[in-house]
Amino acid sequence: MATLRSCSIAALSFVALAWGQGYTNESEVPHYGQSPPVYPTPEGTGGTDPAWQAAYSRAASIVSRMTLEEKVNVTRGHPGTCVGNSGNVTRFGIPALCFSDAPDGIRGQEFVSAFPAQIHVGATFDHDLMYRYGEALGAEFRGKGINVALLPVAGPLGRVARGGRNWEGFGADPYLSGMAMEGVVHGAQDQGVIAQAKHWLLNEQEYRRNPGSAGESISSNVDDRTLHELYAFPFMDALHAGVASIMCSYQRTNNSYGCQNSKLLNGVLKTELGFQGFVTSDWAAQHAGVASANAGLDIVMPDGGYWGDNLTEAITNGSVTDTRLNDMVTRIVAAYFHLNQDQGYPEVGVYPYNIQHEIIDVQANHASLIREIGSAGTVLVKNTNNTLPLKSPRFLNIFGYDTKLPDSPWTNPSRFGGGYEVNFGWSTLNGTMITGGGSGSSAPPYVVSPFQALQNRVVQDHGILRWDFDSVNPTVYANADACLVFINAYASESFDRTSLTDSFSDQLVHNVATNCSNTIVVVHSAGIRVIDSWIEHPNVTAVVFGLLPGQESGNSLVDVLYGDISPSGRLPFTVAKDESDYGSLLNSTIGSGPFPQDDFTEGLYIDYRHFDLYNITPRFEFGYGLSYTQFSYSSISISLAANASCDEYPPTLSTPMPQGGHPALWETLYTVSTTLTNTGPVAGHEVPQLYISIPTAPVRQLRGFERVYLASNESATVSFPLTRRDLSVWDVVAQQWRLQHSNYPIVVGASSRDVRLSGTINVS
Ligand code: BGC
């Protein structure tokens, strides 16, 4: 009888847990202490940078005269026209700061541009375009009087192949992502806008990113080394570039919520990396008042969260110190002064769509940059017998739902996502895809569809078109020079993808290829798209990953298809032959029960590092992309910088920690140089890449790239400077970056597997 009773109790409690109603049944005690406590929050002082110091001294003088209520008011969100609005202090001339999405263009506004998504910018592998992207975005945010631009994104990095937000970042490699973070932060902040790098840290999946009826958020459980070498790495570049704010993330890390995780905020960010700016909560990511204040959160969004009057009370009763509150406010006000926003910064010009208002057109001539990045990030992965570029075709068949504009894109006018809304479970978008869904989607003033751009070209060439946007088995006209098939792969914030393929699109390609001997496929994808069901079909003669090109989509694609621009885009992720090749990194962890756990047991081995480790041949490797011309690589040389110190650890610092980390980490120790020659028939860009085997680390890690333009027969020397950080590993015992004294094999090539030259650096 007793046994039976206990069995039935167990069964009942199991059912309750499965439905999330047993939320309190599991103790949280075993999870305590997995994220080390780091207290108190280091006070911002301006660090070692005179400009920051000057901003701090102005801010501190004002904050010292503010009342408690005024200070608390600055640290919280308020209703307003922007995505986030801080509190003002009018008697000191501190305005309510306007915070706005998105990383690829101002969201939900009129007369703004829709830039390529960050994943597309990553695919350019072009430092200069990364800077100009940030600069143009910064100019638009500034033009609208937006103080804080919620960009750029380095988290998610792309650990999970089906991750819903991977397209918001620059690609699944910390160095590529870091270089882009650096360029975009410089570009945006040079315009006077405060950039907000997000999401700090380890927000690698969408499922259970927030607490809900099933329990707490997923916990990203990561070891110290992986945290530094993979996930914090690109944020270091943003910090080193001077980023003035950081957004903390939704999920838990080592069982402590991102916006109250003292190790991540007080420890890594504000101590190790000397961060001088302010930390903003992701929207509604604050889950405790006192804990978040003491862990290093500086402002809560979009409302008062657990602060507001509660923070006033916590200060009054001593649970949070005056010092901490002063530091929060000083950090926010100092960032405002640091970016000179008190000097002629435009008034906020952000409006809801249903209120008539003055037109503030901030587009300038950004369309040409958008078109340039669009073509530069277009990746040609198959080109049998030089099918592309098209040779003045007279007759084209054009097929597929991704060719034309979505029929009614403005489903949510306040988002203006152009149809690119949060659409749970969708694997494709019925219309050409230029960005992904959710808060990261832009607000295109127009979209040049592939159909429109191709039709313009055909008109010019006195040609003809036959199109079919709907049918899975469209009629092929025998006289056509080629059949162009457009498909896409959709992803959005709020959910992870359920597949990296879809049967309708694959069937469409098969059917066209069955009937058309010159089938060219264009894939607009918000991340990885597996294409093995048709890539080897002999009639599929060319394949292009068009990624997420922004408003000039069709124009930038036609530039490449017709050979006005030789393609040079490179895959910022690995395309596997089969989804199962991603192994445990294919899907996000669903996690059951009230305290779901996601163990990052793969450590450093994500994306190409995973394929290299397990010796899995991908369909197309990270860094891969074809050109219309050919390049030869010759004469590799390695030089040691004069006065370079190759001590194992950076020297002891006698100054406060500069933002971005120890200055020695950023010193160039070696420079690798090589000669590149365009040996082919046409001018074009090449993207030589440098990969290093750092001892005790993955066999290949990207540590250098350049996008180089060469006329036919032209040569150039390409140099890759290598900093101490580029060669170091994180020493978990010393809690410092360590330069191992050893041999470091290096390769220079056209992708992560297309090795052209090799050498060895001997560090001693
Ligand atoms: C997203 C952020 C975004 C914020 C404001 C959140 O849901 O995670 O990336 O900036 O909303 O829209």
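# Salt bridges, a helix and a ligand

Modeller: In this predicted model, an oxygen atom of the ligand sits 2.9 Å from an N or O atom in the side chain of K198. Local features need pLDDT of at least 70, side-chain atom pairs count only at pLDDT 80 or more, and totals for chains, interfaces and linings use all residues. Residues are numbered from 1 along each chain as its sequence is written, and side-chain values use heavy atoms, with hydrogens and water left out.

Biologist: What makes the K198 pair a polar contact?

Modeller: A polar contact is a pair of N or O atoms within 3.5 Å; within protein, one must be able to donate a hydrogen and the other to accept it, and residues adjacent in sequence count only if both atoms are side-chain atoms. The K198 pair is at 2.9 Å, so it is within 3.5 Å. For Y250, a polar side-chain atom lies 2.7 Å from a ligand oxygen. For D282, an N or O atom of the side chain is 2.7 Å from a ligand oxygen.

Biologist: How much of the ligand's accessible area does the protein cover?

Modeller: The protein covers 93% of the 310 Å² that the ligand has on its own. Accessible areas come from the Shrake-Rupley method with a 1.4 Å probe; for residues, only the protein chains shown count as cover.

Biologist: Which residues surround the ligand most closely?

Modeller: The closest are D101, R165, H199, Y250 and D282, among 14 that surround the ligand. The cut-off is a heavy atom within 4 Å.

Biologist: Why is the pair of E579 and R162 called a salt bridge?

Modeller: A salt bridge is a side-chain nitrogen of Lys or Arg within 4 Å of a carboxyl oxygen of Asp or Glu. Here N to O is 2.6 Å, so the pair qualifies. By this rule the count comes to 33 salt bridges. E579 lies in the loop between α15 and β16 (597-599), and R162 in the loop between β3 (148-149) and α6 (174-189), 417 residues apart. Helices (H or I, at least four residues) and strands (E, at least two) are DSSP runs, numbered from the N terminus.

Biologist: How do you know whether E579 and R162 are buried or exposed?

Modeller: Buried means under 20% relative accessible area, exposed over 50%, partly exposed in between (1.4 Å probe, protein chains only). E579 has 12%, so E579 is buried. R162 also counts as buried, at 12%.

Biologist: What separates R331 and D327 along helix α11?

Modeller: They are 4 residues apart in α11 (residues 322-338), about one helical turn. Their side chains meet in a salt bridge at 3.0 Å, N to O. R331 is buried at 0%, and D327 is buried at 4%.

Biologist: Which parts does the salt bridge of D612 and R753 tie together?

Modeller: D612 and R753 meet at 2.9 Å, N to O. D612 lies in helix α16 (residues 608-613) and R753 in the loop between β26 (743-749) and β27 (755-762), so the pair ties together parts 141 residues apart in sequence. D612 is buried at 12%. R753 is partly exposed at 29%.

Biologist: What puts the buried residues of α13 on the same side?

Modeller: The buried residues of α13 (residues 450-460) are P450, F451, A453, L454, R457 and V458. They cover an arc of only 165° around the axis, so they share one side of α13. The arc is that of the directions from the helix axis to the C-beta atoms. On the other side, V459 and Q460 are exposed.
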